[in-house]
Amino acid sequence: MLKKTLLAAVALVSLAGVAAAEDLKEFRIGILGGENEADRLRNFQCMTEKLPAVLGVEKVSLFPAADYDGVIQGLLGGTLDYAELGASGFAKVYLTKADAVEPILTTVQTDGSTGYHSIMVARKDSGITKLEDMKGKKLGFADPDSTSGYLVPLVTLPEAVGAPIKEFFGETGFGGGHENLVLEVLKGTFVAGTTWGSGVGEFKDGYTSGNLKKMVDKGILNMDDLVELWKSPLIPNGPVVVRSSMNEDMKTKFKTFMMELPKSDPACFSAIQGGDFTGFTEVNVDFYKPIIDARKATIGG
């Protein structure tokens, strides 16, 4: 009996070793939707080149989802190892399965803050110049799982306009991600739409980071074509999350790599984050509790 017990223990240790080895073969990165797929893949290409040597894996694979939920489901199912989420997207993961991922880092703006803003924009030639002008008009949101593109406007706009969203705006809809939403505003599908930006710097430049800045840098947006109607209170910057079941050695190596990235490869850091940031700072679940509570109270899990 003792011999069998020892053999069983040895077998379990061997299997654990195999599992750890399997964990180190491939590192899978989830990329949120809402932006041109080719651009997203290009922005993360530097990660596929750098991470194999850092983590000791055979390859790094990129998985650009069609929308926010594609990445969320990958994280919940354990088929992704790392992603950068908005706070509301993380809240959805947490409310569905609290131990699926760990938030480890978030970005720091150039002014030292760890937040950004939801920004409502309209075409400059629309005649709409302020939030009150949107009464009875069609408003576009970015994505149902976007913090700045949906959750925060859903929570804060009623106070700003003095009425429930359904009563104040004539109609609402979704634009299929931040970049697509702004393009739909320019096309006239929506009179205005909610996207995101750092709120640091000048609106005419698309601010220092965010969707507007990325679109300006890609040459697909001229800020002279837009007017800002509303800016939300500060929103916690979204987290860098890793799969909770990942082995601790890989987590440590990855976290160290990310913390050093702003200095070791500023171009890669800027490409991934979409603008100007000073670096990362450590966070945990507590940093996102207000957003988790807001999502639970409004949208649910």
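**Figure 1. Pairing of β4 with β12 in the predicted model.** In this predicted model, strands β4 and β12 run antiparallel to one another and are joined over five bridges. Within this pairing, Gln-109 is placed opposite Phe-277, a residue of β12. The two strands belong to an open sheet of six strands with mixed pairing, whose order is β2-β1-β3-β11-β4-β12. The edges of that sheet are formed by β2 and β12, each of which pairs on one side only, and the twist from one strand to the next averages 25°.

**Figure 2. The disulfide between Cys-46 and Cys-268.** The structure holds one disulfide, in which Cys-46 is joined to Cys-268 with an S to S distance of 2.1 Å. Because the torsion about the S-S bond is about 75°, this disulfide is right-handed. Cys-46 is located in helix α2 (residues 37-55) and Cys-268 in helix α10 (residues 266-273), so the bond ties together parts of the chain that are 222 residues apart in sequence. Both ends are enclosed: Cys-46 is buried with a relative accessible area of 11%, and Cys-268 is buried with a relative accessible area of 2%.

**Figure 3. Surroundings of Asn-43 in helix α2.** Asn-43 has its place in helix α2, the helix that also carries Cys-46 of the disulfide. When neighbours within four places in sequence are left aside, Asn-43 is in contact with Glu-35, Ala-271 and Ile-272. The C-alpha atoms of Asn-43 and Asp-217 are 13 Å apart in space, although these two residues are separated by 174 residues in sequence.

**Figure 4. The largest nonpolar core and the contacts of Phe-254.** The largest nonpolar core comprises 27 residues, and those with the most contacts inside it are Phe-27, Ile-29, Met-47, Leu-51, Tyr-82, Phe-254 and Met-258. At least two residues of this core are supplied by each of β1 (26-31), α2, β2 (59-64), β4 (101-109), β11 (239-243), α9 (248-264), α10 and β12 (277-282). If residues up to four places away in sequence are not counted, Phe-254 touches Phe-27, Met-47, Leu-51, Leu-55, Tyr-82, Ile-104, Val-240 and Val-242. A second core, separate from this one, has 22 residues, among them Leu-75, Leu-85, Ala-91 and Tyr-288.

**Figure 5. Helix α4 and the elements packed against it.** Helix α4 (residues 87-96) is largely enclosed by the rest of the structure, because seven of its ten residues are buried. The buried residues are Ala-87, Ser-88, Gly-89, Phe-90, Ala-91, Lys-92 and Val-93, and of these Ala-91 is also included in the second nonpolar core. The partners against which the buried residues of α4 pack are the helices α3 (68-76), α5 (147-161) and α11 (289-298), together with the strands β4, β10 (235-236) and β11.

**Figure 6. Parallel pairing of β6 with β7 and β8.** Strand β6 (residues 138-141) pairs in the parallel sense with strand β7 (residues 171-174) over four bridges, and Lys-138 has Glu-171 as its bridge partner in β7. The pairing of β6 with strand β8 (residues 192-197) is also in the parallel sense, over two bridges, and here Gly-140 stands opposite Gly-193 in β8.

Terms used:
Residues numbered from 1 in each chain as written. Predicted model: local features only at pLDDT ≥ 70, side-chain atom pairs only at ≥ 80, totals over all residues. Heavy atoms only, no water. Disulfide = S-S within 2.5 Å. Buried < 20%, exposed > 50% of the residue type's maximum accessible area, 1.4 Å probe, protein only. Core = buried A, V, L, I, M, F, W, Y, C linked by side-chain atoms within 4.5 Å. Contact = heavy atoms within 4.5 Å. Pairing = 2+ DSSP bridges. Axes fitted to C-alpha atoms, helices over the stretch in contact; angles between N-to-C directions.
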